Structures are given as structure tokens and as C-alpha cells.
Amino acid sequence: MTQEIKTTRHSEIGKEWAHESAHLHVTGHAEYVDDIPELEGSLHAALGLSTVARGHIKSTDFTDVLALDGVEAVLTAKDIPGENRFGIIIDDERLLPDSRVAYWGQPLFVVVAQTYDIARRAARLARIEYEAETPLLAAEEAISRSETVVPARTARDGEPEPAIRASHHVISGHLKIGGQEHFYLEGQAAYAIPGEDRRMTIFTSSQHPSEMQAFVARILGWPSGRVTALCRRMGGAFGGKESQSYYFACLAALGAFKLNRPVKLRLDRDDDFMITGKRHAFDIDYMLAANKAGQLTAAVFEHRVSAGHSADYSGAVSDRAMFDATNAYFVPNFTCTSHRARTNIQSATAFRGFGGPQGMLGMEVAMETLALRRGEDSLDLRKRNLLTHGTNARLHYDHVIEDNVLPDLIETLESTSDYRRRRTEINAHNATNSIIKKGICLLPAVFGVGFGATFLNQAGALVNIYADGSILVNHGGTEMGQGLNTKMLQIASNVLGVSPEKVIASTTDTSKVPNTVSTAASSGTDLNGMAVYNAAVCLRERLATLATQLFGGKPEDVIFADDKVHSGSESIDFPALCEAAFFHQISLSATGYYRVPKVGYDFETFKGRPFHYYVYGAACSEVALDTLTGETRVLRVDMLQDVGKSINPALDRGQAIGAFVQGMGWMTTEELVWRDDGFLATHAPQTYKIPTGGDVPEDFRFAFFDNENREETIYKSKAVGEPPLKLSLSVFLAIWDAVASSTGRNLPPQLSVPATPEAILNALEIAERNRGV
Amino acid sequence: MLLGHLRDERRLRGTKEGCAEGDCGACMVVIAELTSDETSVVYRAVNSCILPLPAITNRLVLTVEDLDDGENGLHPVQKALVECHGSQCGFCTPGFVMSLYALYLNHDVYPGRPSVNEALSGNLCRCTGYLPIFEAAERMYAYPRCARDPEVDAARLRDMQQKTAVQKPQAAYDAAAQPKTIAEVCKILSKDNDARIVAGATDLGLEATKDLKSWSRTIHLDDVRELQQITQTAQGLSIGASCVLSEVFPLMAKTYPELSDYFYRFASLSIRNRATLGGNIANGSPIGDSMPVLLALDADLEIARTAGRRVMALSDFYLGYRKLALKPAELLTRILVPPRPEDLFLRAYKISKRREDDISAVAMVIALTLKDGIVESARVAFGGLAEMPRRAKGAETILEGHAFGRETVNEAVASIEREFSPISDHRASASYRLRVAGNLLRRALAEFEGNPITQTTQLNCEVAL
């Protein structure tokens, strides 16, 4: 809990510090796993991948692999000394399969060779015979055959069936949402260095070093204490390096263990696409009911989730989609059934938003459809049904949100984005232009912050002050570009009243801070920030006590500011006080720990408080659509984002805009295509298209909504990583609106995600056909 | 490839590998080289991941490490990125630095967002949403200018050239041959017709990095000056086959401004900085974007062999899927574009999922010459509809001799549907390709008839080329 430190005049909170590594990024000196200078004798690993999507391995022949000059070893499941069964929540994966193949691209064996190039060449020389089976690729088919990774779940609130029967308006429909590749620019990588007396050090590009440590220990059959996992930074992650980095950490470690030499495993981009899981694809059936006045009475959803070959986080992702299934609206009667299909593709995993955006999109498409049916502007429908206060701020899981700012926020954006005037202009444009149509959408988003699994809401930190006054800040979080370390330094600097150059970020290291949770769920700053704060406060108290011993005064009156400490009538330079502490035998190292209060819900009934607090936002997107080709262009975006009281507005703005553009790609150009035999045809940037700069509209207006967190978070800030991604759904819905306008606004467009030119042209054609034109 | 050389041999690890196929830009470096007349120096951002090492002979390679001289602190490009919060995870950042650096060297003052878009069209960033990077591209001009002296670089390059000429006489049968004349290329080809000709390597490079292919002999065209010259005469444009597209396209766009947007959509600037016009043609891909243009403009090809040269129409050059009318030991040397006819109506359209740096689902170029409102000659050329770039000759015949209007266009569209049977793949389905092919003809008609808004880009910024 942030106790108010009244005696700090100094404030680094709210300042726009540059990213702690910015000067390293721009000069090329920032080191990623593959950049670490290799120790002498280091070897390189490459993976042999399955070329069928489902079946059994009949035979393997590695003669040609081993015959290639420079190959040191081929490792298979037999070579794993410890545990081979893995999983994130359920142990339904094998690090390397004994026989069963579950998707095309599954790693089957590891080649260790003298160079990266030799290892890759050799991996292709294996002769593997399979007994192939027809893969299950469609979620619907898998569900009909009861192939699921975890059982279906249903959430229920009120009495939806009678409510629907009594309603004036009932609309229903179906929405297909595709997955999304993370496309972190730095591919998965790990570098394992064996040490004396059964020790292993792993440099890993992972959001979850503690899990890498634990899993490496498991495959080796060692206690975790013998393994150290380190991560200085990742070149992007977005959820893709949360669970799935373990394959690479473990396989590098396996090679290092077997050969007793350092082994690096870094993936070629195509292999990364073929092996690792993506955002979950959803098929959603929706039914939404309202009374004559357009007030929602009931919502019913059925989610069919494609989980891929294993459970991974699919249960939790699907649950989050259910929590978020009514987005920002008050719906008195609700039910949602969620099926989690086991499909023969890469195991879908965490991805920024964690199912939330998919759940929300089902609701928002239903809202557009209902507005179309009622012949009203969808913003009017949204505003009428927005969560407000008291009983009208109750969510289907029986939690009443207490600090809702949505009504205010939406009013503000409606005015600053000039929504009504633009809507009129768009209508006029569409009436007079036959080829290029426009669409617009203004929508709210609400995002609950916290890990669904309550026990994960904890963090640790270790702050060391050295006798010269420099401060090394360690914590359990990982830096993936979000600026977590920068905010941690700001917090330490703020508590101890020292200038930025005195605080130094460190590599995340499981030997410094143990038993950490994944840096995920937007919670990095909330959790680690409080832990760093607690450690820094502890040190501050020790130093304050010393200052009063030296100069008189009371510890609570000591002021830490501007690299000085003031006590009584005297002041001393911060470094001098630290040096004095050493001579006075005072420890200058402290750990900090934090657990999130208040959260907890009943897993069985879906009732309770799964989230600590909520983040609010809204966006308005305007698009142009070419009815001849289906091409679209985003013309303008207005975003209004609540981040609480920002610790660093520059970093928060970067997160918000970056999330929006990332989501915009998912909504428009990023299409994953699997062949009928289960081969992923879009497995590199040549075929899988994330947004380029040219896709970002020149007219992009971002603003913070002035707010502060009512909950006791670090300096009253709020999480920012995931919430703004939801706002990018406005791009899809603006396209939806444009398609509807192109076809007379009488039928809801059958538009799927991503809204590629082809998907749009199909939607236009279906609408034309249904109109009988 | 150069990237491996930088990272593993030179231990310069600021330059990153993001995809090893020239699509993400994390590996961007700037190459300084002499113009074909050797009078001045050009700076081009290129993808080092698919740049064969021989291509840097007698060139300066500038990497992110070259900007940070340690003494004067950060270069304006770097400083601007830091101050505008243009990096998050930082992995793509060195690539952005180098693309922006090339832009900075090529423009003394801020050239505007369209030019920045173009400069960054080959760089992917997954974190920032690009806005802070665009802000940095403007901000970098606000600091005291800190550019290279092209005179000094030119002198250094000339000096390098002289030294290598003395030190390393070209062995004609090197595994990686670097001939200087067309005659030398033909001679090597006549001895070893399996020798692989390497021009820009923007496609070939992927065979090395992805298919792990190697060749017993390669012939690198980087030093064949004859192939890098463009001449404009009364007979039209004569373009050396290994002129890079970033040089060819702006020049062609002067005569054919209607092609600007189409050219902009051809790959990314960094790919256009290496990809050659001849390479695009000789690659024979059915989705190469140059060919519909050149087919519609009735371009001819000049082909050399040891015993002489011949000229043939591009429309006769493709025999089937990646099958060319090139005989053994022949080399495509020049592309000949006839002068612009009077009363030409020309349109070029490319359709892909993403606007920048994507491969066409369908590309169409239409060239009509008109007399008194009647179509005298029609050329309608498509990419992505057949196993090779091809003209829609049936549609052309329907259009000729009539006014360009709704009726003939409908007939021509029907003819296109009969003439082509495209494939379905991850880029688009067959039916989409056919529908769009017809609709593009309709779009051309709408533009011919003066409909002011026929493309989404008309509602937004103009592109620069």
C-alpha cells in the first residue's frame, strides 16, 4: 500500500523519463539473447519439426543428420533425464513427443551443431515416417467429437430465456474471429550454460523466468535452486513468451546438459510461426434482446474456442472472454457457454487482451446489429445501455463496479471527436458516392485488471544500495518494451529522493528475486511497482533512522530530495549517508513484497470479484471502404484512455497507441491460413501482414482521460498494457458500418475478423444477394 | 549474407535478424555506392539479411554502430528517437535508425509524411504503433545537421575501386563471379549455363536463408555498369536490366505519373533499393508487379549472348509457370519502353491485404490509346490471375474499336472471367481474384468517366515517389 510519504519534496512520478534502455536501443547496444557474446565452445541448436498435423511417428532415421560435418548430437524424448510431461495448468504436453504428433510444426528432435547454419541444415535431413491421421482443424468439428482441452463452462446471471421471450427486439447472429500471431520482432531464443556441480544458467527471452527455471529443473530432474534463469529484455512478447518460451529454454538446457557445453537455440522466423501458439480464434453465436425503448434485457452467447493441440492458457483465456462478454453495458439477464476445442494446430496462448477482446467483440457486433434493426445510431444504443452506477453498474459475475467513469468519458469523446457532425457528413458522402463508402464507430471498453487465478497477484523485489549511493533495482517483472524497468526506477528514485542516473535497472534474475509470476495481465507495474516501493521504503526508513542519529530530528521528519537527505537542521548528500550506513553496519539491501488485496471469485459459479479494478477507455474510428475491391483505409482515430494517475505519460501513451495499432492489424490485415492438411500457410512476414507505418492514419488523436485509481495501487496509477487494445475493435466495427451503409442498412453484414479485402467483398456480395439485387 | 557476416564475423550485433527474408527491416543497413556514371554517391537503406556478400564489394556499409561515434553523442536520428519515445522493445529500432538515416542523408530538410512513410515502408514495429517514430522523423531535422560529406565518401569509394582493381583481378570462374561487362557474363554462362545469375537477390536471397539452398556458381551483376544505365531517347526508355527499381520507377513515373501509386506499392523502399527491373522480369513470377506495367506499355526486351543480341516482345517472353523464352547462356540486358503515345489512358492497380510491402493478389494495368473517343488499341495486363503475367487478349479485342463505356466493359469483364482461371491460396481465393479483376476494369472506367472518388487513398494523404 502506498503510504503517503509527506516528507518527500522530490517527485519523479508523472515525469516523462525516456525508456531506461532508449539510448541502447538506438545505438544497437541493447543486448538480446542472440547478441550475448558466446562463450568459447558454444554450440547451436535447431529443431526438427513435424510435417504432419496428427498421427504417430512410425520410425526415425537420423543417419544423414549425424553424418553432416559439424553435427554434435541429435536429441529426442529418450534423452530427457527428468520429466517430459508439461503444461501450464494441465500437464498435457510433451517437451518432445515419444510418438504422438499433435500439430504440423511440433518439435520432434533437437540437432546440436557447431554453427546455427549447420544445425538448421542437419535438422532437415532426418527421415521420419508417420502414420498420419486426418487433422481436426475446425473448432466446431472438434467439439462435436468431444475433443476439448478443458471441459465446457457456462456462466449465468438472471433468467435470460424468459427475458428474451418477453423482449420487443431479439437479434441473433454468428461471428468468426481469427487468431493473431504475436510477431514479436525478436524471435524465441535461449542460451544455456552448464556450470560446475549440476548448475545451469539460462539466458531466456521470456516473460516468466521463474517458470523457465522450474521447467528446466524438471526436465533435468534437479532442484530449482540449481538453475538460474535470466532475462535482461525481450524484443517484444505480447503474451507469446509467457508459457511458450519454455520449449526453447528447456531444449537449449537439454543440449547443454547432454553435451556439457553452452548451447544457443534461437528460432528462425518461419520456425517460430510454425511452432508457437497464437491468439485464440473464436466462433461466437450471439443473441441480444431489448425492450421497445432499446434497453437491453438479455444477452446469450456461445463461444467455440480453438485451443490448439494442448490446454496451455486456453481455459483462462476462454474464461476471460466470458467475463468480458457484455463489455461496458448493463445486461440484466445473461448466459454464456464456452467450448474449448482441441484442434491440431499450434497451442493457442496468451496474447494481449487474453480473450477479453474476443468476448467484447461478440457483444459489440450484437450491439451494431441491434442498432441496425432499430434504425438508430449505434452510439445512442451504446450510451443508453452503458454501465452507470449502483445496480446499473453490476456485471454478470455479480460485481458492482464502483469507480465507473464511462458515461463521462463517452460524452467527452463524443464531443472531442465531433462524432455527430462526422456521422452526418459520412451519411452525405455515402449517399453521393457509389464506389467509396465510409463508416464510423465510437465504442467504450472496460478492462478488469488482475490475474484470473487469484494467487498470481503477488510480486517481489530486491533493492540494493551500494556504499557510493548508487541503487540497483531488481524485481520479478520482465522488460519487454513496455517500460516496466523505467517505471520501477522512477519509483525507487522517487522514494529515495535521488536523480535518475543514481538508479540502475538490472537483469531479471531468479537468483535475486525468487518465485515470481509472469509479467502479464497488464499487472507488471501494479505488482512489481508496489514491491519495489516497499523495498525502497524499508531502506529509506533505515537511512532516516541513521540520519536522525547523526543529526538529530525525528525519522518521520527526514526529507529525501534532490540527492540529499535533510534531518534536523542539517543535510547530507545521499551517497555520504549511504557510506555512513556501511560504517554504521546498517544493511543497505532490502526485499519488498506485495500481494493484491480484495480479489477472489468462485471458479465454479463465475461470481465474485475476479479483478482488482477497472480501466476505462473509448475510441472513435472512421474508415473508407472500396466496394470494388474490399480494400479499406483508416482515416481517423480518436482515443481517450484512462490510465489512472500516470507514472510516466510518455510510456503510457506509447503502450496505448501501440496496442491500438496492434489490434487494428488483427482486425484488418493479419490473417492466419491453415491448409486442409494442417500446414500453416502464412508463416512469415512475407505472407502474414502486420500493420506498417502507412496503415496508421495521419489523423490520430490520443488523449488521457483525467482520472486516478480509487484503489490503492502504486501512486494511484492503472494498468495500461492490454486495455487500449480493445479500442481497436472500433476499426472493425467502422468497417462493419461502412459495409452496412454500402448495402442499404437493412441487413447486418456477415463480416468476419480479420476484415481483409476478400472478407469484405464477400460480405458485400452476401448482402447484395440477400437483398435480391 | 551480409547480416551473418556483420553479426558473427565482425561481431557487430546492433543489426538484428527479425525474419531473414527482407520483410521486417530489423537488419537494415545503409549502403553508400557510386552512381553508374561514378560521379556521385547514393545512400540506400537495404536489407542485410538477404544481401549477398559480393554485393558490398567497393561499397561502404554503414551500420547502426557507425552513427554512434562515442564522442559527439547520439546522432540526430538517434536523439530524436529517444526524445520522441520511438523505441519500446528496441529490437526493430536499429533498423528504423538506419532507414531514417538514409532519409536524413537524402533530404536536407524534413520531406513530409509521405516520404517518411515510403522510407519506413520496409520496417515493421510491433510495439509503438509508429506514431512516435513519425514524430522522430520530423524532430531529427530540428537539431543541427550532422550529415556525411558525399564528396568524401565518393572519393573513398573511387579509391576503393582502384585498389581492388589492382589487388584482385577477376578470376572468370570464381564460385562467386563478379564480372564487369556483359561479355564476361555471357562468357561464364557459355561455359557453365547452370551458373546462377544474382542481381538484387531480393527473391533469390530467400532461397538461401529459407530453403538453405546453395549454388555451385553464382554470377553477381553488381559491378556490370552497362546493365545499370538508363537512357531516354526518341525511341523511348532503355533501361539496363540491373537498374534498381527505386531508380527506375521515379524516372518512369515522370512519363507515366499514373503509375506512381502502383510503384509505391511495389514491395518496400529497401527492397526496391536492391531489386532490379531485369530481375523482376527474369524471375518469372506470376505475381511480379513490373510485368503488368511493361506488358501494357508494349515493352521489348534486349537479350545478349556471346554471339550477339536479340530483341523480343515481353509478351512473348513467358512460356509458362516460371518458364522463360531465354535460351541457354543468354542474359536479359535491357528493357525497352516505347515513347508515350498521345491520348493514352493508363491506369495501374494493385490489390493486396496490406497497402505497403505486400504481394499482389491481383494487379492490373490498362493502357488505352484513343482517337475521337474510340479505343484504338487496348492493353489489359494482369498479375496474379494466371501461371504467368499475362495480357487479357480477349478483353483487349472487345475494347478495341469501341467507345470505352459500360457496355464494352461489361463484355470485357465477362471475357476476363473466361480467359483466366486463377488459383486459390493464402493471399486470395480464385473467385476473389476474378471478381476483383473485373471490378478493376470497372474502376478504370469510373476514372475514365471522371468519378472523383474511386480509391480510398483519395480521401487521405497523397503518396510521394
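**Exercise 1. A small sheet in chain B**

Work out how β5(B) pairs with strand β6 of chain B, and over how many bridges.

*Solution.* Keep in mind that this is a predicted model.
- Step 1: Find β6(B) at residues 218-220; β5(B) pairs with this strand in the parallel sense, and there are 3 bridges between the two.
- Step 2: Pick out one of those pairings: V198(B) has H220(B) in β6(B) as its bridge partner.
- Step 3: Zoom out to the whole sheet. It is open, has 3 strands with parallel pairing, and runs in the order β4-β6-β5 (chain B).
- Step 4: Look at the edges. β4 (176-177) and β5 (196-198) of chain B each have a single partner strand, so each has one side with no neighbour in the sheet.

**Exercise 2. A small sheet in chain A**

Now do the same for the open sheet that contains β6, β2 and β8 of chain A: which way does the pairing go, and which strands stand at the edges?

*Solution.*
- Step 1: Read off the order, β6-β2-β8 (chain A); the 3 strands pair in the antiparallel sense.
- Step 2: Check the edges. Those are β6 (100-101) and β8 (127-132) of chain A, each with a single partner strand, so one side of each lacks a neighbour in the sheet.
- Step 3: Count the links between β2(A), residues 55-61, and β6(A): 2 bridges, with the strands running antiparallel.
- Step 4: Name a pair. G55(A) is bridged to V101(A) of β6(A).

A reminder for both sheets: strands pair through backbone hydrogen bonds, in either a parallel or an antiparallel way.

**Exercise 3. The overall build of chain A**

Decide how the radius of gyration of chain A stands against the globule rule.

*Solution.*
- Step 1: Take stock of the elements: chain A has 20 helices and 31 strands.
- Step 2: Compare the two values. The radius of gyration is 27 Å and the globule rule gives 28 Å for 773 residues, so chain A is as compact as a globular protein of that length.
- Step 3: Box it in. Along the principal axes, the C-alpha atoms of chain A fill roughly 85 × 75 × 45 Å.
- Step 4: Look at burial: 62% of the 773 residues in chain A are buried.
- Step 5: Look at the contacts with a separation of 6 or more. In chain A, 80% of them are between residues 24 or more positions apart.

**Exercise 4. The nonpolar cores**

Find which helix gives the largest share of the largest nonpolar core.

*Solution.*
- Step 1: Start with the core itself, which has 366 residues; among those with the most contacts inside it are V111(A), I202(A) and I735(A).
- Step 2: Assign the share. Helix α7 of chain A, residues 246-259, supplies 11 residues.
- Step 3: Follow V111(A). Beyond its neighbours within four places in sequence, V111(A) is in contact with residues including A45(A), V65(A), V74(A) and A122(A).
- Step 4: Don't miss the second, separate core, which has 43 residues, including L484(A), L527(A), I559(A) and Y594(A).

In soluble globular proteins, nonpolar side chains tend to be buried together.

**Exercise 5. Where the chains meet**

Work out which element gives the most residues to the side of chain A that touches chain B.

*Solution.*
- Step 1: Count the residues on both sides: 70 of chain A are in contact with 69 of chain B.
- Step 2: List some candidates. Elements giving two or more residues include α3 (116-123), β29 (613-626), α17 (649-668) and α20 (757-771) of chain A.
- Step 3: Pick the top one, which is α17(A) with 7 residues.
- Step 4: Sort the chain A side by type, and you get 29 nonpolar, 25 polar and 16 charged residues.

**Exercise 6. Two loop residues**

Are H402(B) and S434(A) buried or partly exposed?

*Solution.*
- Step 1: Place H402(B) in the loop between α15 (393-399) and α16 (406-419) of chain B.
- Step 2: Apply the cut-off: a residue is buried with 20 or more other C-beta atoms within 10 Å, and exposed with 12 or fewer. H402(B) has 16, so it counts as partly exposed.
- Step 3: List the contacts of H402(B) outside its neighbours within four places in sequence: I374(B), V375(B) and T408(B).
- Step 4: Turn to S434(A), in the loop between α13 (419-432) and β18 (436-449) of chain A. S434(A) has 14 other C-beta atoms within 10 Å, so it is partly exposed.

Notes
Residues numbered from 1 in each chain as written. Chains lettered and ligands numbered in written order. Helix = DSSP H or I, 4+ residues; strand = E, 2+ residues; numbered from the N terminus. Rg over C-alpha atoms; globule rule 2.2 N^0.38 Å. Contact = placed C-beta atoms within 7 Å. Pairing = 2+ DSSP bridges. Nonpolar A, V, L, I, M, F, W, Y, C, P; charged D, E, K, R; others polar. Core = buried A, V, L, I, M, F, W, Y, C linked by C-beta atoms within 7 Å.
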